[in-house]
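Biologist: I should like a close look at one part of this model, the surroundings of the ligand. Please describe the pocket there and what lines it.

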Amino acid sequence: MSKESKDIKILGIESSCDETAAAVVVNGRDVRSNVISSQIALHTLYGGVVPEIASRKHIEKINQVILQALQEANTELEEIDAIGVTYGPGLVGALLVGVAEAKAIAFAADKPLVGVHHIEGHISANYIEHKELEPPYLCLVISGGHTHLVVVKDYSHYEVIGKTRDDAAGEAYDKVARTIGLGYPGGPKIDKLAREGNPQALSFPRAMIDGAPYDFSFSGLKSAVLNYVNICQMKQEPMNEADIAASFQAAVVDVLVSKAMAAMEEFDFHKFAIAGGVAANSAIRQAFTQQCEKRGYQFYYPSPIYCTDNAAMIGAAAYYEYMSGVRHGWDLNAIPNLKLESR
Ligand code: KG4
Ligand code: ZN
């Protein structure tokens, strides 16, 4: 076999928040294993992610998760071409566990080390199931920590054209869920409950920002829901949680759709993708499917398992970084506020 056609096998590692994950991915698109150890049940007790507990759990789980990923892929460490790891953004203590582990494995096994931006990972999740998808395209990244409209100019080459000024989309979902007593993580619970509610029952604000058409703001929407719930409680009036969930979600969907579609038009793209935990939302997927169909755009979204945090997406992103020559040294550090464009 010639050198050019050799398959590149990446071991991806992800530990930026509350999932300890490892995966083996071939040529950036072919997932051989995808192991995720979720800490959700643990953090549910506290209503959200507790950073100290997250770091401790990552330490406990990471070796086991990596071994399982190699085993399920039927792969020996020697057959791996590079180790890809998320080094930011995220919780610093959580990131450090993955970065230290990746450096130790890369050093011991004499493998190249490739640091990956978590958002680049989310975007690259789209390559796994859409083998034909190639840049350039527009991607809306909606997760627990980020709401970014990103022009994907090329693999590893991004321009952020808009982001949230305050809460991320997932944060808004989680906070609204907590307000109406649904618990953590709120996104999937609101998604489900909203199906039983009327999205027009309550009128919540759709924030548009003067002079920044692609920036987002969800804190006003979150406060409006909170105020509505407080008023109902003060007046001892009954409230319909399903209507609240559906009306809140309708406001989120309207804002995401109108901004993303305006950017598609302005930048003259015909391919649109979504990524991140909130991209698993059924109403959001449905709204974009309809809008893209209407406009003749190709619409791409990952399966839910590749929307929320996982290491297959890190393996996919690491492949393209590796192919473009990126190699990190033993001084690779966790960077909690790493910027997508400044790497
Ligand atoms: O991408 P992710 O796993 O972690 C971050 O990088 O932040 O995203 C987690 C977020 C949480 O806020 C969670 O509530 C939200 O994704 N989420 C959803 C759904 N599934 C997960 N939000 C709305 N609808 C869903 N079905
Ligand atoms: Zn994430």
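Modeller: The account below begins with the ligand, moves out to its pocket and ends with the second pocket. The model is predicted, and the description should be read accordingly.

Ligand 1 has 19 residues around it, and those that come nearest are Gly 144, Asp 174, Asp 191, Gly 277 and Asn 281. Two of these residues also appear among the polar atom pairs with the ligand. For Gly 144, a backbone N or O atom lies 2.8 Å from an oxygen atom of ligand 1. For Asp 191, the atom concerned belongs to the side chain: a polar atom there is 2.9 Å from a nitrogen atom of ligand 1. A further pair involves Gly 170, where a backbone N or O atom is found 3.2 Å from a ligand oxygen atom. Taken alone, ligand 1 exposes 550 Å², of which the protein buries 88%.

In composition, the shell around ligand 1 consists of five nonpolar, eleven polar and three charged residues. Helix 4 (118–129), helix 5 (169–179) and helix 6 (186–194) each contribute at least two residues to this shell. Gly 170 and Asp 174 fall within the span of helix 5, and Asp 191 within that of helix 6.

The space that ligand 1 takes is the largest pocket, with a volume of about 1,100 Å³. Its lining comprises 42 residues, and Ser 143, Gly 144, Asp 174, Tyr 184 and Pro 185 lie nearest the centre. Gly 144 and Asp 174 are thus named both here and among the residues nearest to the ligand. At least two lining residues come from each of strand 3 (30–38), helix 4, helix 5, helix 6 and helix 10 (304–307). Helix 5 gives the most, with six residues. By class, the lining of the largest pocket divides into 16 nonpolar, 16 polar and ten charged residues.

The second largest pocket has a volume of about 380 Å³. Of the 20 residues that line this second pocket, Pro 199, Ala 246, Ala 250, Val 253 and Ala 283 lie nearest its centre. Helix 6, helix 8 (241–267) and helix 9 (282–295) are the elements that give two or more residues to its lining. The largest share, six residues, comes from helix 8. Nine nonpolar, seven polar and four charged residues make up this lining. Helix 6 therefore has a place in the description of each pocket, as it supplies residues to the lining of the largest pocket and to that of the second largest.

How values were computed. Residues numbered from 1 in each chain as written. Chains lettered and ligands numbered in written order. Predicted model: local features only at pLDDT ≥ 70, side-chain atom pairs only at ≥ 80, totals over all residues. Heavy atoms only, no water. Near = heavy atom within 4 Å. Polar contact = N/O pair within 3.5 Å; in protein donor to acceptor, adjacent residues only side chain to side chain. Areas by Shrake-Rupley, 256 points an atom, 1.4 Å probe, with all protein chains shown as cover. 1 Å grid on protein atoms, 1.4 Å probe; cavity = no way out; pocket = protein on both sides within 12 Å on 5 of 7 lines; lining within 4 Å. Sits in = over half its atoms within 2 Å of the grid points. Helix = DSSP H or I, 4+ residues; strand = E, 2+ residues; numbered from the N terminus. Nonpolar A, V, L, I, M, F, W, Y, C, P; charged D, E, K, R; others polar. Points joined across faces, edges and corners; volume = space filled by probe spheres on them.
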